[in-house]
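Biologist: I've just opened this one and could use a hand. Can you walk me through what's on the screen?

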Amino acid sequence: MSGDGESDMEYSDNDYDDYYNSGDSDVDQIDPKKTDPEYFDYKCLLVEEVEKLLNELVEKLNTRIEITPSLAKVLLHEHGWDVEKIVSKYRENSNGLLITARVKPPTNDQPTPSTSSSIACSSSSWSTTNLPTTSSLSLHRLCPVCATSHLPDKFEKLACNHSFCKDCWAMHFETQIFQGITTQIGCMATKCNVRVPEDLVLNLVTRSIMREKYQQFAFRDYVKSHPELRFCPGPNCNIIVRSTSCEVLPKRTICEMCQTQFCFKCGMDYHAPTNCQIIRKWLTKCADDSETANYISANTKDCPNCHICIEKNGGCNHMHCFHCKHDFCWMCLGDWKNHGSEYYECSRYKENPNIANESIHAQAREALKKYLHYYERWENHSKSLQLEQQTLDRIKTRVNEKVMKAQGTWIDWQYLFNAAALLAKCRYTLQYTYPYAYYMEPGSRKDLFEYQQANLEAEIENLSWKVERAETTDLGDLENQMDVAEKRRTTLLKDFFPSTVSNTFT
Amino acid sequence: MANIAISRIKREFKEVIKSEEIVQCSIKVELINDNWTELRGEIAGPPDTPYEGGKFILEIKVPETYPFNPPKVRFITRIWHPNISSVTGAICLDILKDNWAAAMTLRTVLLSLQALLAAAEPDDPQDAVVATQYKENHPMFMLTARHWTNSYAGGPNKVADFDTKIQRLKDMGIDENQARACLSKENWDLEKATESLFS
């Protein structure tokens, strides 16, 4: 994998010169599945489409093995909607399958009157009257829940043979639905874990509002149990995203309806190249520690040359002091000249090699220092991303001015907006490289990662600088810069962001 | 109150009164008011446990959706047990929460609570302080539970040493219940208890 990365990087360097010859068309022809590490095949579906999809699966299972559609739903829900798996398990051991899915009670524990163990419906005073063998005096039977006698046709039972009157079942269902429980509604008998299938619920619950609630909640349960389906996390959005690549991957998903961007696997903000567990760890850590970090990394810094106080008011890390005209890097406060030409070092954290010999106190200090190093950069890019919006507004006003002064047409300036969009995309990825690096074990792989991270950082800063100062004549130069930055980004993702589950790097 | 709830409670009431356990004096249910929404239960401490010989009073509130939702039960008698709050009497028992089944009755609840007194589940605690003592200093837990049974539930077994220590704190002007709770928490270390009470 890393070998690929190296050659790709060279490719991007060489490509720099014959950029105009190769052109964009060439890139378009390549299969995106192989070249784009962020490529993810998915579809945005409406509720009706998903209902149809699930119903098709129910029918499919229904034709393969002979069970009612509502039992098929229970089995599918239990087994991640994998028809083949259910069929093979069913052929192997149908009884076992039905017992583990809690459709049937465990066989050794059939609640026949004589063995009804422990305290299950066994109240001494009325158990004799509630048994299926009715009292000799009348045909009426006593329902153990409402303690009232009914005719036998008023009773209903599940596979477990626990019989209760229909009114009590209906009451039970409504109470459960009211608490948001649907697919997990169980039998009313003590210690019985048999689940109630959908058809019985819908037969007995008559209030339309409760029926609707049941169907709504059950649908949510079904979608959540289907590995390829995800609800869009956007507020009030009803779109359901379906992964069409047969795998659950932490890939970027954008809802067509509300434009919410999220990770398909965990539903949080997209976080490549970091994986789902690590980003959760990192975000929790930041939530715990951010106050200290905020305090330490204040919003202003002094110019390293003339010590005038400088506030960062744009996304770019290339600072240009208004006072003394000194160019420096916002992150490391080093001279910018060293950043442009050679190796961009300030994204790399240098660990103290003698740490093992230091005291616990010093180790804690070192741990905090390490965390702050990564946190500061993470936070810096997050702030820069927010400032990018201001930059975009500024670009708009600048373009307006230029167009008014007849320096090029509106169309001539469009490339600047593309550049700003790409800049935001790159900065987003770069932001999420810091939690990844923080949790990486030191070693050659981390060195490689930080090398690529530094490269990406350098190109992004170049791009940011150029976007803020571009003229119409700079089109070629800027497009070049855009291409280089994007290539750095994809190279890094290709090497470190898992494109399949199997090579997930943690 | 819904009809089902009332007819159920009436019937269950009779059930408990007729049951064999009442003959053995191990469980009891009494009415508190006329509308059947509040009852008072009583269970005897099971034999061979530190609760032996004690009578524990329970508050039972019957919700309107009974028996589709569980009754709300809490200990009125103070008790030292990992699954019961030593402060409020709140109970952590699965059948009073998610594992309730509509076919269960007051009798099954009372019997289950009795079973809980006989077999605590310290890994699913309601009272973390008690649970820690149960796991880390079991003899101390047994003595404390016995002492609480003696003090609050009329149990016959006195723990003389504990009574002396409580008296010492009472002499300093501390309320008896507060003194007992604090000493129990501090594993009956008088010095530590005094420190935490006066700090």
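Biologist: How many residues does each chain put into the contact between chain A and chain B?

Modeller: The contact takes 20 residues from chain B and 17 residues from chain A. Two residues are in contact if their C-beta atoms, placed from the backbone, lie within 7 Å. Keep in mind that this is a predicted model: local features need pLDDT of at least 70, side-chain atom pairs count only at pLDDT 80 or more, and totals for chains, interfaces and linings use all residues. Residues are numbered from 1 along each chain as its sequence is written, while chains are lettered from A and ligands numbered from 1 in the order in which they are written.

Biologist: Which element of chain B gives the most to the side that touches chain A?

Modeller: That's α1(B), with 7 residues. Helices (H or I, at least four residues) and strands (E, at least two) are DSSP runs, numbered from the N terminus.

Biologist: And how do the residues on that side of chain B divide by type?

Modeller: Into 8 nonpolar, 6 polar and 6 charged. Here Ala, Val, Leu, Ile, Met, Phe, Trp, Tyr, Cys and Pro count as nonpolar, Asp, Glu, Lys and Arg as charged, and the others, Gly among them, as polar.

Biologist: Back to α1(B), then. Which of its residues are buried?

Modeller: B:Ile4, B:Ala5, B:Arg8, B:Ile9, B:Glu12, B:Glu15 and B:Val16 are. Buried means 20 or more other C-beta atoms within 10 Å of a residue's own, exposed means 12 or fewer, and partly exposed is in between, with C-beta atoms placed from the backbone. Looking down the axis of α1(B), the buried residues fall within an arc of 120°, so they line one face of the helix. That arc is taken from the directions from the helix axis to the C-beta atoms.

Biologist: Why would residues a few places apart point the same way?

Modeller: An α-helix has 3.6 residues a turn, so residues three or four places apart end up pointing the same way. On the other side of α1(B), B:Asn3, B:Lys10 and B:Ile17 are exposed.

Biologist: New topic: what order do the strands of the chain B sheet come in?

Modeller: The 4 strands form an open sheet, β1-β2-β3-β4, with antiparallel pairing. Two strands pair if DSSP finds at least two bridges between them. β1 (27-31) and β4 (72-75) of chain B stand at the edges with a single partner strand each, so one side of each has no neighbour in the sheet.

Biologist: How many bridges link β1(B) and β2?

Modeller: 5 bridges, in the antiparallel sense. One of the pairs puts B:Ile27 opposite its bridge partner B:Ile43 in β2(B).

Biologist: What lies across those strands?

Modeller: α3(B) lies across β1, β2, β3 and β4 of chain B, running at about 40° to β2(B). Axes are lines fitted to C-alpha atoms, for helices over the stretch in contact, and angles run from 0 to 180 degrees between N-to-C directions.

Biologist: Where are the cis peptide bonds you'd point me to?

Modeller: In chain A, one joins A:Ala272 and A:Pro273, with omega about 5°. A:Pro273 sits in the loop between β9 (261-263) and α12 (276-296) of chain A. In chain B, the bond from B:Tyr66 to B:Pro67 is cis, with omega near 5°, and B:Pro67 lies in the loop between β3 and β4.

Biologist: What about A:Asn161, what's its phi?

Modeller: It's positive, about 75°, although A:Asn161 is not a glycine. A:Asn161 is in the loop between β4 (155-157) and β5 (163-165) of chain A.
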